[in-house]
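The following exercises concern charged side chains and helix packing. Please examine the sequence and the structure before attempting them.

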Amino acid sequence: MNTVVLVLIDVVLVIGLSRLVGLAFRRIRQPLVIGEIVAGIMLGPSLLGWLTPTFSSVLFPPETIPYLNILSQVGLIFFMFLIGLELDPKYLKSQLEAAILTSHASILLPFSLGTLGSLIFYPLVSNGDVSFTAFALFLGAAMSITAFPVLARIITENNLQSTRLGTLALTCAAVDDVTAWCLLALSIAVAKHGTITAAIPTVILAIIYIALMFTVGRKFLSYLSRYYRRRGRLNQFMLAAIYIAVVVSAIITELIGIHLIFGAFLVGAVMPKDVGLTRELAEKTEDFVLTFLLPIFFAYSGLRTQIGLLNSPVLWLLCGLIVLIATAGKYIGAYSAARFCGIQHREASALGWLMNTRGLTELIVLNIGLSLHVISPLLFTMLVIMALVTTVMTSPLLEWTYPKHLIRQDVMEPEAEVKPTYKVLVPIANPRTQQGLIQLALAIAASPSSSTAIYPLNLLEADEDAFAATPSQVERKIVERKTHLHSLIDSLCPPPRRFVVRPIVQMASDVAQETTRIAEQERADLILMGWHRPTFSQNRLGGRVGQILTTSRVDVAVFVDQNLSQIEKLLVPYMPNIHNDLGLEIALRLLINHPKSQLTILRVASPHQPMTELTYEFELLMRQLPDVVRDRIQIPIIEADHPVQAVAEASYDVDLTIAGASREWGVERQTLGIYTDELVTECRSSLLITRKEHVTFHITDLVREFQRPQAQDADSTGASV
């Protein structure tokens, strides 16, 4: 087969598999990049070549490897440019003294342990063609790496960007990045020249070039920034000029004798951090780089990773020793320095685990070492395993050390003096289009006679775009969404009741799972959410709505809005069960909070089934209601062969129908937790579907609160007479 065609087939396979495996890893709360690295290893001799050597050799023959290498190198150049672009100087302004000490301690200790470990590893796993000095320097540098992009992603996904831990970790990672790349440049120079003395001219040239980039290069790029501000957009001429600068800078650093990735990184680092320019430049660059070119680099690395080389217990013990040295060096260095700076134990421990994030940056370093023959294929494989293990363990160890409920306590607004007795969590996908949902929540919970709280919840999905997921961009999005929510609440909520509304805006990798977690954490009494039609289903109670209905351990109500403008006529089709009881509770809350409302509790009898008697609790509740509320309730009984059709016909003349998730109304949980939605499609008014989790009845507390001011009014009237 033509080599070019074969390379294109390889590219299609690589991109498809990297997306699939990456998304699978996202489902288990791991960074997408880890799944993509694993996909690359799966295509290499470690899995595909081990299972089907013949097919692997046909798919990746030797003549395709140079093409994949060139594509991966181009991808690395522009990825390193993006890393430099993300390196915002403002990260270096927060807790700088503590960050410098912590970062350098987290580099010095693993670097020292790595160089000392070289005494063991050099005679056992080196290729013999490299000097001990170059080997030790490179191994120490490889142990010292922290992946700034992956760490930033973990911070935003855990909503740490506005906490002291998050800002300190970002500052440490930024300092670590600069220092580690300098160490790597020194290691490469020594590896190419054999000794430190012979590498001195290369180091001097590199320093001169860095100085020129931060003076002349920055001045040139500032002209482009001013041109951008005048034009208001990034045109093709500017983009071409920036890309030329990236490639030329990469060529210069390669000719100097360090590596082409440093030149690309420098251009990104000295680029003026104009918010509009960097955002537009990143958006135009990263989609193609991250989706097309970078997976090819992972596949190229996977073809060079041979786990089968670890063919004895001794080699696996050496691999475990490498993982231990890398993990302990980073953790102990960062933890000890943080404690010395006065940081508490929990935060210092979490910082130690965060600094162990290596990911893609480590893979870049290892490929450089393998290409320069500083490390052998066997050591390369061991270090790839180390990079994967240390990155995969970061998220679970962070959750164990610094659980999400503690993160929430660190960033949440102060609680009101009066503890609310009834809490409603309102997930909102778009504040601009879901005003009706917030209005209904206010109508249910904002009682003038009881302490209630409404939590509008706006979860931002973790963006796959690297630049859009940086902490600064995420914080900008959160501020924008909070502004929209506050303006919407100010327009809907009367000033005396505004204290009951506490918006929550944060990042989430799994919206349904995070919603249920926050509901339990805040001890909400009700999740009130809107419906949406899933992409691959017609069921209105499917998708995320169905996930929350199925998995939540908090009562849930799903609002199907049909342009609800007033809440004067309420309909509750009722048969005794806990889900209909929740619907009745919500209806009575609306009735008590809105004196003009009328409630119809519709009982439907079937010719084939006798009418179920009302429960004692229902009768007792009706007797306890004040006359002013009970007089606005009607309880008619109708007979119908099809209860759902009867309810649908009755809904023509009402504003809101409230029905429990039960078989009688065609809303029933089936196999695999999927709910049917017959009443949802048939109902002619706005509809609220309720699903009760706990056998509790909050309405009795509301009735007592309602009766108290009534009794006080009666006492005052009697006294005046």
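Three exercises with worked solutions follow; the model is predicted.

**Exercise 1.** Determine how E514 and R517 are placed in helix α22, and state whether E514 is buried or exposed.

*Solution.*
Step 1. A search of the whole structure yields 12 salt bridges. One salt bridge joins the side chains of E514 and R517, at 2.5 Å from N to O. This value lies within the 4 Å cut-off for a salt bridge.
Step 2. Helix α22 spans residues 511-521, and because E514 and R517 are three residues apart in it, about one helical turn separates them.
Step 3. Buried means under 20% relative accessible area. E514 has a value of 5% and is therefore buried, whereas R517, at 23%, counts as partly exposed.
Step 4. A second pair can be treated in the same manner. D627 and R630 form a salt bridge of 2.3 Å, N to O. They are three residues apart in helix α26 (residues 627-630), so about one helical turn lies between them. D627 is partly exposed at 48% relative accessibility, and R630 is partly exposed at 29%.

**Exercise 2.** Identify the parts of the chain that are tied together by K692 and D555.

*Solution.*
Step 1. The side chains of K692 and D555 form a salt bridge with an N to O distance of 3.1 Å.
Step 2. K692 belongs to the loop between β11 (686-691) and α29 (699-720), while D555 belongs to the loop between α23 (543-551) and β5 (556-560); the pair therefore ties together parts that lie 137 residues apart in sequence.
Step 3. K692 and D555 are both buried.
Step 4. A network of salt bridges links D555 and K692 with E585 and R589.
As a general principle, side chains of opposite charge can pair when their charged atoms come close.

**Exercise 3.** Establish how α10 and α11 are oriented to each other, and which classes of residue make up their contact.

*Solution.*
Step 1. Helix α10 (residues 196-231) packs with helix α11 (residues 236-256) at an angle of about 175°, and their axes are 11 Å apart.
Step 2. Angles over 145 degrees count as roughly antiparallel. The two helices, α10 and α11, are therefore roughly antiparallel to each other.
Step 3. Among the contact residues of α10 are L205, Y209, M213 and L224; those of α11 include F237, M238, I242 and I252.
Step 4. Sorted by class, the contact of α10 with α11 contains 13 nonpolar residues, three polar residues and no charged residues.

Note on methods: Residues are numbered from 1 along each chain as its sequence is written. This is a predicted model: local features need pLDDT of at least 70, side-chain atom pairs count only at pLDDT 80 or more; totals for chains, interfaces and linings use all residues. Side-chain values use heavy atoms; hydrogens and water are left out. Helices (H or I, at least four residues) and strands (E, at least two) are DSSP runs, numbered from the N terminus. Buried means under 20% relative accessible area, exposed over 50%, partly exposed in between (1.4 Å probe, protein chains only). Axes are lines fitted to C-alpha atoms, for helices over the stretch in contact, and angles run from 0 to 180 degrees between N-to-C directions. Angles under 35 degrees count as roughly parallel, over 145 as roughly antiparallel, 65 to 115 as roughly perpendicular and the rest as oblique. Contact means heavy atoms within 4.5 Å. Ala, Val, Leu, Ile, Met, Phe, Trp, Tyr, Cys and Pro count as nonpolar, Asp, Glu, Lys and Arg as charged, and the others, Gly among them, as polar.
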